[in-house]
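Let's take a walk through this protein together, beginning at one residue and working outward. Have the model open beside you as you read.

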Amino acid sequence: MLRAVLMLLVLIALSPGAALAEKVQKNQFASVYLKDDKIGQVHLTTIRNEKGEIEEMRANASVSFLGMEVYGFNQNLKETWSSGELQKMDGKTDDNGTAHEISLSRGDTDYSATYNGKDLTLPLKAFPTSPWHYSITDNTLLFNIVDFDLLNVKIAKANETVEINGKDIKTEKFTFTGDWEAKLWFDESKEFVKGEYDVSGRQVMVILD
């Protein structure tokens with residue numbers, strides 16, 4: 001009887017269903033507002049491993065500021081992560097006709113990067129201004145995901161209940177001051193729900209749909 005049970009356990013362990021969970025891809029959308037006007041949208045794609053860690057993130061943002069003339073902002077960004085550490089980043093931003101192209105790869109002592117064809121290095125302790133990562137709240141040295149400028153910030157934390165799509169959500173609110181002025185809200189699962197930060201010199205509100 002014992003032998004039969006052991007054989008059954010071996011068969012279960014070797015079966016495809018007992019293999020580690022496959023990677024999970026998730027698509028989300030967020031709306032961008034300037035005051036009360038919706039001016040754009042962000043399409044966010046995340047791929048997580050069997051541990052729930054982000055392995056790849058892609059963000060495609062499109063924003064148009066309406067006024068005396070139309071001001072356009074478009075950004076495509078791809079990030080590759082491993083064990084919570086950024087490994088690679090590639091991005092293109094069109095800021096109303098001004099092109100910004102970035103690439104980055106992780107080295108042993110720093111990041112090797114290029115901005116519009118110019119080589120530079122960034123310290124490994126710097127974290128990207130990608131608001132979708134909860135880990136940004138643990139870092140006081142950031143780098144701009146448009147042009148790789150280094151940014152020193154201070155961070156204040158508070159609990160706050162916010163209304164999103166008619167639902168009250170308990171969140172942690174993080175206020176960034178210094179070289180980067182921003183406010184980010186994350187829910188109890190440490191998922192982004194809302195953000196307020198600069199896009200092309202304007203403070204916009206980004207809310208997860």
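Which residue in E13 is the bridge partner of Glu172? The partner is Phe186, and this pairing makes a good place to start. Before going further, please note that this is a predicted model, in which local features need pLDDT of at least 70, side-chain atom pairs count only at pLDDT 80 or more, and totals for chains, interfaces and linings use all residues. Residues are numbered from 1 along each chain as its sequence is written, and side-chain values use heavy atoms, with hydrogens and water left out.

Glu172 belongs to strand E12, which covers residues 167–178. Strands (E, at least two residues) and helices (H or I, at least four) are DSSP runs, numbered from the N terminus. On one side of the pairing story is E13 (residues 182–187), which is joined to E12 by six bridges in the antiparallel sense. For two strands to count as paired, DSSP must find at least two bridges between them. E12 and E13 make a hairpin, with three residues between the strands. Within this hairpin, Glu172 and Trp185 are 13 residues apart in sequence, yet their C-alpha atoms are 5.6 Å apart in space.

E12 also pairs with E11 (residues 150–164), again antiparallel, through 12 bridges. One of the bridge partners here is Lys173 in E12, matched with Ala158. E11 and E12 form a hairpin with two residues between the strands. Look for Asn165 in the loop between them: this residue has a positive phi of about 50 degrees although it is not a glycine. Asn165 is exposed, at a relative accessible area of 60%. For accessibility, buried means under 20% relative accessible area, exposed over 50%, and partly exposed in between, using a 1.4 Å probe and protein chains only.

Now back to Glu172 and its surroundings. What does Glu172 touch, leaving aside its neighbours within four places in sequence? The list is Tyr134, Lys157, Ala158, Asn159, Leu184, Trp185 and Phe186, where contact means heavy atoms within 4.5 Å. Two of these residues meet Glu172 through side-chain polar contacts: Tyr134 at 2.6 Å and Lys157 at 3.0 Å. A polar contact is a pair of N or O atoms within 3.5 Å; within protein, one must be able to donate a hydrogen and the other to accept it, and residues adjacent in sequence count only if both atoms are side-chain atoms.

The meeting with Lys157 is also a salt bridge, 3.0 Å from N to O. This pair links distant parts of the chain, with Glu172 in strand E12 and Lys157 in strand E11, 15 residues apart. A salt bridge is a side-chain nitrogen of Lys or Arg within 4 Å of a carboxyl oxygen of Asp or Glu. Is each partner buried or exposed? Glu172 counts as buried because its relative accessibility is 18%, whereas Lys157, at 53%, counts as exposed.

The structure holds six salt bridges. Another of them joins Glu85 and Arg106, at 3.6 Å from N to O. Glu85 lies in strand E5 (residues 85–95) and Arg106 in strand E6 (residues 98–106), so the pair ties together parts that are 21 residues apart in sequence. In Glu56 and Arg58, the closest N and O atoms of the salt bridge are 2.6 Å apart. Here Glu56 is buried at 16%, while Arg58 is partly exposed at 42%.

Let's turn to the aromatic rings, of which the structure holds 10 pairs. The ring centres of Tyr134 and Phe174 are 5.8 Å apart and their planes are at 85 degrees, so this pair is edge-to-face. Tyr134 sits in the loop between strand E9 (127–128) and strand E10 (141–143) and Phe174 in strand E12, so the pair ties together parts that are 40 residues apart in sequence. Rings of Phe, Tyr and Trp (its six-membered ring) pair if their centres lie within 6.5 Å; planes under 30 degrees apart count as stacked, over 60 as edge-to-face and the rest as tilted. Tyr134 and Phe174 are both buried. Ring pairs also link Trp132, Tyr134, Phe174, Phe186 and Phe192 into a cluster, which brings us back to Phe186, the bridge partner of Glu172.
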